[in-house]
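Welcome, and thank you for joining this tour. Open the model in your viewer, turn it slowly a few times, and then follow the stops below.

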Amino acid sequence: MEIDLVFKIAGAGIIVAVLNLVLRRAEREEQAMMTTLAGLIVVLMLIVDEIADLFDKIKSVFGL
């Protein structure tokens, strides 16, 4: 795992947290929830790519 992935996830988390806080202060609860869900989906997409690479490497090691 590269350190760039950790920084990408942390950056996305910070951005989502700030947007969530600002939207909740502006009493925009629904937009805050949608922002949180969008951030979660983006991070999951990053992680799914890495998990796919991991499974490919495991297949090549065991010759499957």
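**Stop 1: a loop residue**

Start by selecting Glu27. With a relative accessibility of 71%, Glu27 counts as exposed, because the cut-off for that word is over 50%. Keep in mind as you look that this is a predicted model. Glu27 sits in the loop that joins helix 1 and helix 2, and it comes just after helix 1. Look at its backbone too: phi is positive here, about 60°, although Glu27 is not a glycine. Most residues other than glycine have a negative phi.

**Stop 2: the whole protein**

Now clear the selection and zoom out. How many helices and strands does the protein have? The count is two helices and zero strands. The radius of gyration is 16 Å, while the globule rule gives 11 Å for 64 residues, so the protein is more spread out than a compact globule. Turn the model along its principal axes and you can see the C-alpha atoms filling a box of roughly 55 × 20 × 10 Å.

Switch on a surface next. About 5500 Å² is exposed, and carbon and sulfur atoms supply 70% of that area. Of the 64 residues, 12% count as buried. If you colour by charge, look for 6 positive and 9 negative charges; the mean positions of the two groups are 4 Å apart.

**Stop 3: helix 1**

Select residues 3-25, which make up helix 1. Its 23 residues should span 33 Å at 1.5 Å a residue, and the end C-alpha atoms are indeed 33 Å apart. Which residues of this helix are buried? Pick out Leu5, Ala12, Val16 and Asn20. The buried residues of helix 1 pack against helix 2. Here is a hint for reading such a pattern: an α-helix has 3.6 residues a turn, so residues three or four places apart point the same way.

**Stop 4: Val16 and its contacts**

Stay in helix 1 and centre the view on Val16. Is Val16 buried or exposed? It counts as buried, because its relative accessibility is 17% and the cut-off is under 20%. Beyond its neighbours within four places in sequence, Val16 is in contact with Thr35, Thr36 and Gly39. Add Ala32 to the view as well: its C-alpha atom is 8.9 Å from that of Val16, with their positions 16 residues apart along the chain.

**Stop 5: helix 2**

Next, select residues 29-62 for helix 2. This helix has 34 residues and reaches 49 Å from its first C-alpha to its last, close to the 50 Å expected at 1.5 Å a residue. Its buried residues are Ala32, Thr35, Gly39 and Val43, and they pack against helix 1. You have already met Thr35 and Gly39 as contacts of Val16.

**Stop 6: Leu44 and the end of helix 2**

Move along helix 2 to Leu44. At 44% relative accessibility, Leu44 counts as partly exposed. Now draw a distance line from its C-alpha atom to that of Ile9: the separation is 9.4 Å, although the two are 35 residues apart along the chain.

Finish by following helix 2 to Gly63, which comes after it and has a positive phi, near 70°. For a last look, show Glu27 again, with its own positive phi of about 60°.

Terms used
Residues are numbered from 1 along each chain as its sequence is written. This is a predicted model: local features need pLDDT of at least 70, side-chain atom pairs count only at pLDDT 80 or more; totals for chains, interfaces and linings use all residues. Side-chain values use heavy atoms; hydrogens and water are left out. Helices (H or I, at least four residues) and strands (E, at least two) are DSSP runs, numbered from the N terminus. The radius of gyration is taken over C-alpha atoms; the globule rule is 2.2 Å times the number of residues to the power 0.38. Buried means under 20% relative accessible area, exposed over 50%, partly exposed in between (1.4 Å probe, protein chains only). Accessible areas come from the Shrake-Rupley method with a 1.4 Å probe; for residues, only the protein chains shown count as cover. Lys and Arg count as positive and Asp and Glu as negative; His and the chain ends are not counted. The place of a charge is taken as NZ of Lys, CZ of Arg, CG of Asp or CD of Glu. The expected span of a helix is 1.5 Å times one less than its number of residues. Contact means heavy atoms within 4.5 Å.
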